[in-house]
Amino acid sequence: MGQSLSVRNLEAWYGSNKTLHGINMEIAKNEVTAIIGPSGCGKSTFIRCINRMHDTLPGAKATGEILLDGANIYANDPVELRRTVGMVFQKPNPFPAMSIFDNVVAGLKLNGMRNKKKLKEAAEKSLNMAALWDEVKDRLGHSGMSLSGGQQQRLCIARALAVEPSVLLMDEPASALDPIATLRIEELVTQLKSSYTIVIVTHNMQQAARIADSTAFFLNGELVEHGATSDIFMTPRDKRTEDYITGRFG
Amino acid sequence: MNKQDKVRTRTAIGDLTLRLLTLGMALVVVGLMIWIGWQMYVSSQESIAKFGWSFLTNRVWDPVKENFGALPFIYGTLVSSLIALALAGPIGVGVAIFLNEMASRKVRSVISFLVELLAAIPSVVYGLWAIFILAPMLRNSVEPWLNKHLGFIPLFQGSPVGLGMLAGGLILAIMILPTIAAISREVMAAVPNTQREAALALGATKWEMIRIAVLAYSKSGILGGVMLGLGRALGETMAVTMVIGNRPDILPSLFAPAYSMAAVIANEFTEATYSLYLSSLVEIGLILFAITLVLNALARLLVWSVSRGPKGGQLV
Amino acid sequence: MKKHRRKYVNALMLALFSIATLIALVPLFGVLGYVFKNGVMDVNLKFFLDLPVPMGMTGGGMANAIVGTLILIAIASVLGIPIGILAAIYLTEYDRLSWFSTLIRFTTDVLTGIPSIIIGIVVYTAIVVKMKHFSAFSGGIALAIIMIPVVIRSTEEMLKLVPHTIREAGYALGIPRWRTIIQIVLPTAAKGIVTGSMLAVARVAGETAPLLFTALGNQYWAHNLNQPIAALPLSIYEYATSPYKQWHEQAWAGSLVLIFLVIILNATARLAFRTRNN
């Protein structure tokens with residue numbers, strides 16, 4: 001089951017450069033929340049704060065609170081947090097030295113699971129959820145790099161799902177893919193939301209409109225507006241949101 | 001402790017261990033450097049105390065009379081290395097230009113592989129080849145020819161011996177050529193293509209383009225490469241020991257036998273029967289260490305400053 | 001005419017660079033050709049299986065020197081490669097940009113340029129003198145010191161080629177950083193690291209100077225690592241500078257074997273890496 005997120009006064013910096021200015025936002029569980037906005041608006045930084053990947057960059061820091069089902073993530077261990085909050089990146093990044101199978105179970109294996117039968121079950125389950133099982137079940141031993149771009153990205157999704165997170169963060173997961181592969185990822189996202197809370201960053205507004213239950217618009221490191229996707233696109237309250245979705249800038 | 005805490009502790013311990021372990025190994029490098037300098041310094045104390053600065057200017061090396069001076073070795077090392085530099089410098093840079101600016105991809109990969117092989121041949125094999133092939137060739141044809149046509153210069157006077165300063169310089173030239181070629185190519189490859197295009201667009205010929213855009217841009221890096229080559233020549237031991245003649249004299253003729261710092265250490269170290277003798281040999285090593293250290297440090301700074309990226313190269 | 005002069009100068013300079021390249025290759029083929037011609041007759045089974053015989057007698061081989069070289073290389077690799085790889089991990093994974101890592105890199109580069117005979121002296125004064133005898137062990141240490149900076153810089157280059165997104169993927173799965181480095185980053189760069197290590201091995205396989213006062217050389221088999229041990233480069237040196245014709249022949253044969261070893265190491269390392277990059 002998914003978990004809800006509650007962001008309180010989140011601020012983030014790269015060195016002396018402040019990229020998020022006090023974000024407050026509620027993210028409902030088992031929904032798809034899309035983050036849209038022009039490049040450099042802080043949307044990537046925002047989701048990288050949710051699993052504290054932001055902290056791993058040199059000179060980067062964040063303050064404020066993010067509550068995951070009520071518990072502040074900044075009070076706990078980031079490594080553990082990342083097993084609960086999975087992430088899929090902009091470009092597919094399977095581990096080049098590992099087979100398809102090893103890629104999927106990497107998170108489990110490297111966190112200590114040795115039981116081969118359990119690993120196999122987990123691999124099949126995750127690949128099924130990522131809608132990749134049928135395409136790769138006969139070549140699990142092949143390198144992950146032998147797959148097409150779209151398949152690699154679904155492999156990365158399977159890899160993230162295998163550690164059984166409750167939240168899945170997706171940072172423009174389809175931006176490096178062709179339209180057909182994009183469509184498959186979008187279908188997958190809508191299927192997955194019954195079990196996960198999904199936060200997806202996208203620069204593609206049609207994509208947000210197609211798959212997201214709620215949409216948040218970021219501009220210059222601020223959350224301008226957050227609401228039901230239909231409201232954001234049909235009846236935006238803020239002039240800046242309207243300008244953006246009607247294509248007047250960005 | 002519950003399971004979660006255990007996992008957390010294990011992660012923390014693992015992270016700390018790897019960080020400290022790798023840091024420790026990185027420090028090994030600095031430690032080695034200091035250790036090398038310190039060992040050399042301590043072990044040469046006896047000689048330093050006895051001879052002081054005169055060690056550097058004394059021309060006599062006489063283990064029987066316990067009189068030690070490093071000058072013949074310093075002279076031999078410098079002259080043989082300068083011969084090497086005079087030959088390998090231009091040729092090495094020429095190779096680099098050919099590879100980087102003229103050769104097709106295929107030719108380039110074949111020839112750079114061959115030049116790398118030249119660097120891979122062990123020093124002792126060069127020495128063997130020089131004793132039996134290069135030195136007889138020098139004695140029988142090159143030196144007589146030089147003597148006949150350039151004999152009015154003291155450098156080319158005297159009877160052709162084969163094993164001597166010239167042979168040492170030549171074999172060093174062969175050995176440092178790959179270093180000079182490789183580093184020069186590396187810094188030339190760092191010249192942005194826009195520079196070349198700009199020169200060509202001004203109507204420059206290929207050579208003019210190389211001169212204005214490539215060489216002007218990379219000259220300090222090339223100088224660094226040449227200095228690294230020089231550093232290698234100064235410290236090269238086996239091949240030189242085998243052909244330089246091993247006589248601690250300072251003679252004007254390049255045909256005559258000479259001696260180098262590394263060679264005297266290689267030859268006499270295990271035969272040094274008393275501590276002052278050994279200490280004097282170590283002091284020669286210390287001098288060699290100091291020279292190559294400074295030279296390498298300067299050369300690396302030059303190469304780094306170029307290949308780390310453009311900082312507004314100017315047209316000369 | 002000025003225009004013509006520019007053309008001629010251009011042609012002349014380009015010709016000079018081509019000639020320089022040809023000149024550079026002459027000694028390569030000279031050395032390889034003579035070593036092959038003079039050595040090939042004496043490289044036979046006996047050469048690999050027999051001990052050297054006293055001068056004046058015919059026959060004999062370099063079995064002890066060949067094995068000795070392999071042992072020395074093994075000691076040097078066991079010590080030098082892990083240290084080099086771990087130091088490189090520090091420089092790429094923990095500290096890429098600070099003045100401290102710059103200092104380490106700089107020292108590494110400078111250490112590469114320190115003459116190998118100096119390493120021999122230092123290992124002699126610090127280890128051989130203390131242990132009161134020459135040994136295979138001290139020879140291996142001397143070679144390891146020469147290997148370390150080479151391994152560090154090549155491994156560092158290889159680890160830098162691993163995209164940051166690979167590390168992020170590891171962190172994002174909740175894999176601890178140290179495990180990400182060891183089980184994801186290192187295997188990704190493994191081929192390159194092996195290549196670099198092989199080149200470092202090739203470089204020390206032919207080293208003679210640092211062994212002169214450490215491994216010393218040995219006419220017989222060394223029975224343990226605390227004894228002086230024979231090495232191919234040492235035997236070549238000794239034989240080449242001896243006055244005996246038979247020993248000269250052995251030196252050529254030894255050189256052929258040594259060059260073969262070094263070139264095989266070099267070529268496989270480079271070709272393996274090249275196929276990966278294509």
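This report looks at how chain C is divided into domains and how chain C meets chain B.

The model is predicted, so to speak of local features pLDDT must be at least 70, and side-chain atom pairs count only at pLDDT 80 or more, while totals for chains, interfaces and linings use all residues. Residues are numbered from 1 along each chain as its sequence is written, and side-chain values use heavy atoms.

Let us start inside chain C. An automatic or database domain assignment gives domain 1 (2-40) and domain 2 (48-277). Their C-alpha centres lie 32 Å apart. Contact (heavy atoms within 4.5 Å) links 7 residues of domain 1 with 6 residues of domain 2. On the domain 1 side, 5 nonpolar, 2 polar and no charged residues touch domain 2 of chain C.

Here are the two interfaces in a table; buried area is the accessible area (1.4 Å probe) that two parts lose on being put together, summed over both.

| Interface | Buried area | Share from carbon and sulfur atoms |
|---|---|---|
| Domain 1 and domain 2 of chain C | about 560 Å² | 86% |
| Chain C and chain B | about 7200 Å² | 82% |

Now to the partner chain. Chain C brings 81 residues to the contact and chain B brings 80 residues. There are 2 salt bridges between these chains (side-chain nitrogen of Lys or Arg within 4 Å of a carboxyl oxygen of Asp or Glu). In one salt bridge, Arg270(C) pairs with Glu116(B) at 2.9 Å, N to O. Between the two domains of chain C, by contrast, the count of salt bridges is 0.

Notes: Chains lettered and ligands numbered in written order. Nonpolar A, V, L, I, M, F, W, Y, C, P; charged D, E, K, R; others polar.
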